[in-house]
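Biologist: I'm new to reading protein structures. Could you walk me through this one, question by question?

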Amino acid sequence: MSLKNILVLVSVGILTIACHFSEKQTESENSPQKIITKPIYEFGYNLDKYHVVKDTIRKNETFGIILDRHHVTYPKINTIVENVKDSFDLKKLRVGKPYTILSKKDSTQQAQVFIYQPNPIDYTVIDFKDSIISTHKKRKPTEIRIKTASGVITSSLFETLESQGLNPLLALDLSDIYAWTIDFYRIYKNDKFKVVYEQEFLNDSIPIGIGKIHTACFEHNGTPFYAFNYVADSIMGIDDYFDDESRNLRKAFLKSPIKFGRISSRYSMSRYVRIYGYHRPHLGTDFAAPIGTPIMSTANGTVIKSSYTRGNGNYVKIKHNGTYSTQYLHMKKRAVKLGEVVKQGQVIGYIGMTGSTTGPHVCYRFWKNGKQVDALKEKLPAAKPMPDSIKPHYFEFIKPLKKQLDNINYPKLLQEKDIIDSLSYTITEN
Ligand SMILES: [Zn+2]
């Protein structure tokens, strides 16, 4: 997923701003029975008490121009601007953003309140109906709903989510949950996923963003990998994803030192090296990605080398414990110093092509007891096993969740050529 797509999502969200022109219900004067109408509130004001104007900021329009149009005198505008300037930057009003003016309902129609909405959730209220001028920043109430989705991988996880109309941000969250379990560079066509997650809504219908993923199942090469978010914060300080056998999905090591990219060369005892023109062992795993892509430490540790050699280029080596160290070669730039303590996932450098290399990649070397081994074949220890004492509770907890997951159907895939065109996903609300 590209930043552009996120931006598209964000801008779609902004375009669908809720402009509730509340219809005023009027009481019939002749009616013998008094009809009680419910007052319409927005931004904390009873809209029935005002003349309401909704508009958007136009080009070359300032706060002063808008208030002037709504019959506020210049001395008053100056007083408001003076009062507001410490809490709200009036220069930040952006062309195209909506605002609301609440004016007196009498013949003067003089503005009393100005409300600016930079996005669908946040708004700033400038209230100048009394001599004391107040400015408040507020948020509209949102609602969280639990949604389920499933999909079949046709290309990358991100492209699949996009082509299937699902929020690509879901891919980021899924790849975080499965970062230790599934190698997203090697997902198979027809791998499948199901996910139960929170979606935040504004005004019942406008999706704002993805919340927490509750449960997921990723079927990789025919094997299902379950993930259940389990929180036992108060007693054990646990808030993690565990599988259907209570194993922590987090491992002491990440599967890859970069978030997105592909494996361009695996660990091999006899690899043909183009630039040398002969076979020699390749004791690392190469992850290719564009120059500048952040490289992460795959586990907690201490930097024991941050330097340059002709073969390695810029490289970093990290000692994780008495058994394991990892090393990262060919960086464009190193981001850590000798002796620095680093955390799993921390950026330690950036993809480059320094040293002996023919293309931008990081050569990831995994050291076990002083020997280089194949990182992809190592059985890596779990981060924090679940204590036996809470396992019975955990298994009870996941029983209905697993059932819910198992009952989600995968979308039917048609002929291969139809895959891209068909909406091969299902999305439901519970
Ligand atoms: Zn390599």
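**A strand and its surroundings**

Modeller: Sure, and keep in mind that this is a predicted model. Let's start with Asn 46, which sits in strand β2 (residues 45-46).

Biologist: Is Asn 46 buried or exposed?

Modeller: Look at its relative accessible area, which is 14%. The cut-off for buried is under 20%. So Asn 46 counts as buried.

Biologist: Leaving aside neighbours within four places in sequence, which residues is Asn 46 in contact with?

Modeller: Its side chain has a polar atom 3.1 Å from the backbone nitrogen of Asp 48, but Asp 48 is a close neighbour in the numbering. Once the neighbours within four places are set aside, the contacts of Asn 46 are Pro 39, Ile 40 and Tyr 41.

Biologist: Where is Phe 43, and what is its phi near?

Modeller: Phe 43 is in the loop between β1 (41-42) and β2. It's buried, with a relative accessible area of 4%. Its phi is positive even though the residue is something other than glycine, with a value near 55 degrees.

Biologist: Gln 109 has a positive phi as well; is Gln 109 buried, exposed or in between?

Modeller: Gln 109 isn't a glycine either, and its phi is about 50 degrees. You'll find it in the loop between β4 (98-103) and β5 (111-116). Its relative accessible area is 32%, and the in-between class runs from 20% to 50%. So Gln 109 is partly exposed.

**The loop between β16 and β17**

Biologist: Gly 292 and Thr 293 both lie in the loop between β16 and β17. Which class of accessibility does each one fall in?

Modeller: Gly 292 has a relative accessible area of 33%, and Thr 293 has 17%. Buried means under 20%. So Gly 292 is partly exposed, whereas Thr 293 is buried.

Biologist: How far apart in space are Gly 292 and Gly 349, C-alpha to C-alpha?

Modeller: Along the sequence they're 57 residues apart. Beyond its sequence neighbours, Gly 292 is in contact with Tyr 350 and Ile 351, and the contacts of Thr 293 include Gly 349. In space, the C-alpha atoms of Gly 292 and Gly 349 are apart by 8.5 Å.

**A histidine with many contacts**

Biologist: Which side chain does His 320 join through a polar contact of 2.7 Å?

Modeller: His 320 lies in the loop between β19 (313-319) and β20 (324-334), and at 15% relative accessibility it counts as buried. Residues it touches, beyond those up to four places away, include Phe 253, Asn 300 and Tyr 328. The polar contact of 2.7 Å is with the side chain of Thr 326.

Biologist: And how far is His 320 from Asn 300 in space?

Modeller: They're 20 residues apart in sequence, yet His 320 touches Asn 300. From C-alpha to C-alpha, the distance is 6.0 Å.

**Zinc and the largest pocket**

Biologist: What are the protein donors of the zinc ion?

Modeller: The donors follow the spacing H-x3-D-x76-C along the chain, so expect a histidine, an aspartate and a cysteine. They lie 1.9 to 2.2 Å from the zinc ion. By name and atom, they're His 282 (NE2), Asp 286 (OD) and Cys 363 (SG).

Biologist: Which strand gives the most to the lining of the largest pocket?

Modeller: The largest pocket holds about 920 Å³ of space. It's lined by 34 residues, and Trp 180, Thr 181, Phe 225, Lys 251 and Lys 255 are the closest to its centre. Both β11 (223-232) and β23 (361-368) supply at least two lining residues. With four residues, the one that gives the most is β11.

Biologist: How many residues of that lining are charged?

Modeller: Split by class, the lining of the largest pocket has 17 nonpolar and six polar residues. The charged ones number eleven.

**The whole chain**

Biologist: Last one: what percentage of the residues in the protein chain count as buried?

Modeller: The chain has seven helices and 25 strands. Among its contacts with a separation of 6 or more, 61% are between residues 24 or more positions apart. Of the 430 residues, the part that counts as buried is 43%.

Note on methods:
Residues are numbered from 1 along each chain as its sequence is written. This is a predicted model: local features need pLDDT of at least 70, side-chain atom pairs count only at pLDDT 80 or more; totals for chains, interfaces and linings use all residues. Side-chain values use heavy atoms; hydrogens and water are left out. On a 1 Å grid over the protein atoms alone, a cavity is a set of points where a 1.4 Å probe fits but cannot get out, and a pocket is an open set with protein on both sides within 12 Å along at least five of seven lines; lining residues have an atom within 4 Å of a point. Grid points are joined across faces, edges and corners, and a volume is the space filled by probe spheres set on the points. Ala, Val, Leu, Ile, Met, Phe, Trp, Tyr, Cys and Pro count as nonpolar, Asp, Glu, Lys and Arg as charged, and the others, Gly among them, as polar. Donors are N, O and S atoms within 2.8 Å of the metal (3.2 Å for Na, K and Ca); water is not among the atoms, so sites may look incomplete. Buried means under 20% relative accessible area, exposed over 50%, partly exposed in between (1.4 Å probe, protein chains only). Contact means heavy atoms within 4.5 Å. A polar contact is a pair of N or O atoms within 3.5 Å; within protein, one must be able to donate a hydrogen and the other to accept it, and residues adjacent in sequence count only if both atoms are side-chain atoms.
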